[in-house]
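I opened this entry to keep track of what I looked up, item by item. Pocket first, then cores, then single residues.

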Amino acid sequence: SPDEKVPNVPQMFTLPNGDVWSARSGEKKAGEMVSLRWGLANSENNISAWVLKQFTPEAVAVMARKMGITAYIDPVPSVFLGTSEVILKELVAAYAIYANKGVYNRPLLVSSIEDRYGNVIAEFHADSREVITERTAYLMTRLLESVVNEGTGIRLRYKYKFENPIGGKTGTTQQHSDGWFIGITPGLVGGVWVGAEDRSIHFQTLANGQGASMALPIWALFFQKVYADKTLDVDRGEFTPPV
């Protein structure tokens, strides 16, 4: 359950060479019992590590593959930190599964080709498959809504004044080289990556270099324009619970 409480303490992993490793975490509510919802909303590494321990790194890699990630996911303890490289298109498609009630649709850049007279020469359709149950997908949307309503994505509410249902997740890599934000709504899913091909190019501080600071604002400005364009008629309703 998203409201299940677990200890917010460092989780130790024994590496193949015998060393013991744990991920760095913040000091907020350190040592307390916190909900999984709170852990995700606040990007708390201790809680993500606890979840991984209930399964295995291999299980994470298998799940990522099912959700359309084609990049190699290294099945090591740090996988819960997002240490494997993925491309934005596939990450957005994976998050869309939650808004799409558990169904994955392979991203298409071209849906049809026409000649100069308007005759359709070719049509393309997305490959679709159910990856997770509708109930699991809905629980994930509720978890991701917590990120926006009370966690690292909260500036979508107080700064950009979005009032419709939004779920999302911020992401920040080592030395603030990459910033991510993936946001889901019932009608549209979008993602933003900010970074450079050369990892030596990065922000100096977490305040500027976190995903909430350098990626989320781009998502917000884009979606403001989307919602302002009435011809698009993007759904701004609620995430529908399973029957």
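**Pocket lining, cores and odd residues**

I began with the lining of the second largest pocket and sorted it by class: eight residues are nonpolar, two are polar and two are charged. The model is a predicted one, so I checked confidence next, where pLDDT is the predictor's own score for each residue. The chain averages a pLDDT of 93. I found that 100% of the residues score at least 70. By element, helix 7 (residues 206–209) has the lowest mean, at 82. Helix 9 (residues 216–228) has the highest, at 97.

**Entry: the pocket**

I went back to the second largest pocket for its volume, which is about 180 Å³. Then I listed the lining. From the first part of the list I noted K89, V92, A93, A96, I97 and N100. V103, Y104, N105, R106, P107 and L108 complete the lining. Two elements give two or more residues to it: helix 4 (88–99) and strand 5 (103–105). Which element gives the most to this lining? I got helix 4, with five residues.

**Entry: the cores**

I looked up the largest nonpolar core. It has 30 residues. Y95, Y98, I184 and V189 have the most contacts inside it. Several elements supply at least two residues each: helix 2 (45–53), helix 3 (57–66), helix 4, helix 5 (134–150) and strand 10 (179–184). Helix 4 gives the most here, with eight residues. So I have helix 4 down twice, as the top contributor to the pocket lining and to this core, by the element assignment used throughout.

Another core lies apart from that one. It has 15 residues, among them V148, L156, F181 and V192. For background, I note that nonpolar side chains tend to be buried together in soluble globular proteins.

I then took V189 alone. What does V189 touch beyond four places in sequence? I listed V92, Y95, A96 and A99 among its contacts. I182, G183, I184 and F223 are also on the list.

**Entry: V92**

V92 sits in helix 4 and is one of the residues lining the second largest pocket. Buried or exposed? V92 is buried, because its relative accessible area is 16% and the cut-off for buried is under 20%. Leaving aside neighbours within four places, V92 is in contact with I182, V189, G190 and G191. I also took the C-alpha to C-alpha distance from V92 to V192: 9.0 Å, with their positions 100 residues apart in sequence.

**Entry: S146**

S146 is in helix 5. I find S146 buried, at 5% relative accessibility. Beyond four places in sequence, S146 touches R37, A41 and G151.

**Entry: positive phi**

Most residues other than glycine have a negative phi. I looked at two residues with a positive value.

K29 has phi near 55°. K29 lies in the loop between strand 3 (20–21) and strand 4 (33–35). With a relative accessible area of 36%, K29 is partly exposed.

K101 has phi near 60°. I place K101 in the loop between helix 4 and strand 5. K101 counts as partly exposed too, at 37% relative accessibility.

**Entry: L109, V110 and V120**

How accessible is L109? L109 is exposed, because its relative accessible area is 80% and exposed means over 50%. L109 lies in the loop between strand 5 and strand 6 (112–114). From L109 to L188 I get 16 Å, C-alpha to C-alpha, and they are 79 residues apart in sequence.

V110 is found in the loop between strand 5 and strand 6. At 42% relative accessibility, V110 is partly exposed. V110 and E123 are 13 residues apart in sequence, and their C-alpha atoms are 8.4 Å apart in space.

V120 is in strand 7 (residues 120–123). I note V120 as partly exposed, at 47% relative accessibility. Setting aside neighbours within four places in sequence, I113 and E114 are in contact with V120.

Definitions and conventions. Residues numbered from 1 in each chain as written. Heavy atoms only, no water. 1 Å grid on protein atoms, 1.4 Å probe; cavity = no way out; pocket = protein on both sides within 12 Å on 5 of 7 lines; lining within 4 Å. Points joined across faces, edges and corners; volume = space filled by probe spheres on them. Helix = DSSP H or I, 4+ residues; strand = E, 2+ residues; numbered from the N terminus. Nonpolar A, V, L, I, M, F, W, Y, C, P; charged D, E, K, R; others polar. Core = buried A, V, L, I, M, F, W, Y, C linked by side-chain atoms within 4.5 Å. Buried < 20%, exposed > 50% of the residue type's maximum accessible area, 1.4 Å probe, protein only. Contact = heavy atoms within 4.5 Å. pLDDT = per-residue confidence, 0-100.
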